[in-house]
Each structure stands twice: as structure tokens, then as C-alpha cells.
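Reader: Could you take me through this one slowly? I would like to know what stands behind each term you use.

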Amino acid sequence: MTTMPPCADTPLAREQAGLDACVHCGFCLQACPTYLALEDENDSPRGRIVLMRALADGTLPPSDADLREHIDRCLGCRACETACPSGVPYGHLLEATRATLRGGQAPTVAARALLRVFSHRPLMRAAMALARLLAATPIPTLLMKLPGRIGFGMAMLAATEFPLERAKYRAEGNGENGSAALLLGCVMEGLFTDTNRATERVLIRNGYEMVAAPSQGCCGALHAHAGDLDAARRLARRNIEAFERSGARYVVTNAAGCGAMMKEYDHLLSGDAEWSERARAVSSRVRDVSELLAAVGPQSGGVLPFTVAYDAPCHLQHAQRVTTAPIAVLEAIPGIQLVPLDESDQCCGSAGIYNLIEPETSNAVLARKLDRIVASHASLVATGNPGCLMQIGAGLLRSDMQARVVHPIDLLDASYAAD
Ligand code: SF4
Ligand code: SF4
């Protein structure tokens, strides 16, 4: 009689081919922010894959505390995927491991509560409205130096304030480059509403016709990263329906994490006979806003006299492999001096809700990013993801640094307004 390993027929068992692809060469080690910060092989991609294998073959039980700790400490930044010559799909392995470890539950009560808010539209809108109200008061700035998570949370809210003057203009275009429906996003529409409107304006000016997808919701990325794959699939199905109904040629995102998730709806729903083909069709239409703009230009606008460093969001650089398009957007702005940022392809420590679950490692990773920003002498750091905007922005504010963060699309929009 053959015995089944304890983790047979789990999400991780279904990713066995990905586990087998790792040849333990170690090329990924120096790309891994947690390995660089903690100098422990168990906090490297290679070490975590060894732990995943032990979980899959039953050598370690899902309850093993060390195993959970090292898997929880992973940022999910996927820098190891870019470095890996063997094509190990580390992001999928991590999601499947987390789903296997806790039966699809996020690791802490606070994280579970937060994920519930994100998957429930009325709750999410209420939470974002409250956060917006608070952000409009002096309270976040007054409290942002408090130690611990409260102070850091306040600094994140304070960092949502746009650092330039926002001049509105009326965007006009002929729609000749096709129609696009914007994924509004939970945090983007809640706390970066003006960036969403700026995204629509710059796309219209560059020849895209904007159409609505009114019944859309959260993309499910935070749920998938935390291992709650069932919730992620529910949210994905809702969005697939919404964007099918929009009839748009492109689904456009301005949040790297959401874009990466939507481009992988096909993998998420690959085992669902009813939805897999629909998921594949929608995933193939997803583009980051910088990709749509770079494909047609983008048009240049008025002069902006800033020194700008580009910091690549992990889920744009490593998960979507979009590297040059955001630079093309920034280069289209006259007057901007683009300066190099050392380790711009390394995580800032935000990683979805990671800074809530693993604040110490998150801070260690952020400190390294802030050092690199100081050395760049940039006055603005451009990055296209809400988590990175808030994480880096909070770090700059709490360290009394002069530099500020900004979404690249907001800069292009400001350039058009100055035209
Ligand atoms: S994940 Fe890739 S780079 Fe890292 S040890 Fe395995 S095969 Fe090598
Ligand atoms: S996802 Fe990022 S933090 Fe996790 S193992 Fe890979 S490189 Fe390291």
C-alpha cells in the first residue's frame, strides 16, 4: 500500500513542477532583500524552497513554527524570479505554500480583518472614506513620529498628500489607439483618487478612449499573497465579468500589484473549467498604464524642473517584467533630470500587508532604500504602486528627508497641465 504525504492534494502539491524546477544554484540569493537584511539561508529563496519541499513531502508539518516564520518573512517581491535561470515560478509557490500552511487564512487577526474589509465593497468604501477624512486633517503629520505601527500608519497617510500643485486641464483625444477600462483599485480610488483621474486624462490625451467597468472591485492580490486563494478567486471572477461587460480592448492599471494579479488571473483560475478560458482572455488584455503610453509615444508636455529618481515597484519589474515603459513616461517630460537610483529594482518593504505583519524586517528593508535615495540626490522619487508610494513616502517623512514620492503618471499629468 502506498502512503500519501500529508500535504497531497493541497495548493502546494499542485505546484510540484515549480518546486522541481529549482536546482539550488543560489543565483537568486543576492537578489533577495530578506537574505541581504537577515543573512540567514532560511530567509533566502533557495532556503524557502527547501522548506516548501519539506512541507510538500511531509518531512515538516504545516504547524512547524520555524517553517511558518521563514515563509511569513518573505516579501513576495519576486526579485528571485528575475534572477533565476531555471524559471522557478516563485510567486506561485509562495502563494500555494501560504494557502497550504494555514488553510487559506492570513497569519494574524489584524491581517484577516483587513482582507475582509478589502473583499467587501461597502466596508472598503467606508474605510477609505474615513482614511481620506483623517488624511485631510493635520493629525497624520502630528502623530507620524510616534514609535511603532501607529506612527508609521499615520506617516503612510500623510504620504498620500500630492507634493506638487495640481492644476486641472481638459484632456482631449481622438481615441484612435483603442478603448481602455481602468481598474480603479481599492487604495488607488480610495486614497489616490486624483491619480486615477490623472491616469484617465493622460490616456485620453494619448489617443485612448476611456470606458467604464462599473461592477469591478478589489483585484484579490492581497488575498492571494496571504494565501487566501478562495477569496482571491471570488474577487477575480467578479472582475472578469465586469471587464468583459465593459467591452474595452485593454484593461489598464496604475497599481503594479493589481496589474500583476490581473495578468495572472489565468493561473489563479486554471483549475476552474468554467472560468479558465474567460480568465485567460481578460488577463491577455491587461496593461500597466506605462505600457499603453510607451506603445504610442507618449506625447510630451510642459517643462517640470525636477530631479527625479525612478524606483521600480517589484510587481512591475519582477512580476510583470515591465522595466523600460515607466522610464519612457518620465523621459517624455521636458525639464526633468532623471538620476540613477542604486538598487532601484529592490523591494522597499511594503509588499501589500507585509509592513503590518512583519514590521521589523519591513523597516530594515526600507532603511536600505532610504539610504539609496539620499545618495541619489533626487527631489522626487517616482514609483507606480500605492503600497510603495506610502511606504517610501512614510520613510522619507519620518526621517525628515526633503525628497517626496510621486506616481509617474501624476508627473506626466502635471507636465500636460503646464503645457
Ligand atoms: S530559485 Fe532559481 S536561482 Fe534560486 S536556487 Fe533555485 S534554481 Fe537557483
Ligand atoms: S520573493 Fe523576494 S523576499 Fe521572497 S524569497 Fe524571493 S527575493 Fe526573497
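Author: Happily! Let's start with the sheet: it is open and has 4 strands in the order β6-β5-β7-β8, with parallel pairing. This is a predicted model, in which local features need pLDDT of at least 70 and side-chain atom pairs count only at pLDDT 80 or more, while totals for chains, interfaces and linings use all residues. Residues are numbered from 1 along each chain as its sequence is written, chains are lettered from A and ligands numbered from 1 in the order in which they are written, and side-chain values use heavy atoms, with hydrogens and water left out.

Reader: Why are β6 and β8 said to stand at the edges?

Author: β6 (337-339) and β8 (404-406) each have a single partner strand, so one side of each lacks a neighbour in the sheet. From one strand to the next, the twist averages 35 degrees; such angles run from 0 to 180 degrees between N-to-C directions, with axes fitted to C-alpha atoms.

Reader: What makes β7 and β8 a pair?

Author: Two strands pair if DSSP finds at least two bridges between them. Strand β7 (residues 380-382) is joined to β8 by 3 bridges, so the pair meets that definition. The two run parallel, and V381 is opposite V405 in β8. Strands here are DSSP runs of E with at least two residues, and helices are runs of H or I with at least four, numbered from the N terminus.

Reader: How do you know what counts as a cavity?

Author: On a 1 Å grid over the protein atoms alone, a cavity is a set of points where a 1.4 Å probe fits but cannot get out; lining residues have an atom within 4 Å of a point. The structure has 5 cavities of 30 Å³ or more, and the largest has a volume of about 120 Å³. A volume is the space filled by probe spheres set on the points, which are joined across faces, edges and corners.

Reader: Which residues line the largest cavity?

Author: There are 18, with C22, C28, I49, C84 and V88 nearest its centre. Helices α3 (45-56) and α5 (79-83) each give two or more residues to this lining, and α3 gives the most, with 3.

Reader: Why say that ligand 1 "sits" in the largest cavity?

Author: The word applies if more than half of a molecule's atoms lie within 2 Å of the cavity's grid points. Ligand 1 does sit in the largest cavity, so it meets that cut-off. Around ligand 1 are 13 residues, the closest being C22, C25, G26, C28 and C84; near means a heavy atom within 4 Å.

Key: On a 1 Å grid over the protein atoms alone, a cavity is a set of points where a 1.4 Å probe fits but cannot get out, and a pocket is an open set with protein on both sides within 12 Å along at least five of seven lines; lining residues have an atom within 4 Å of a point.
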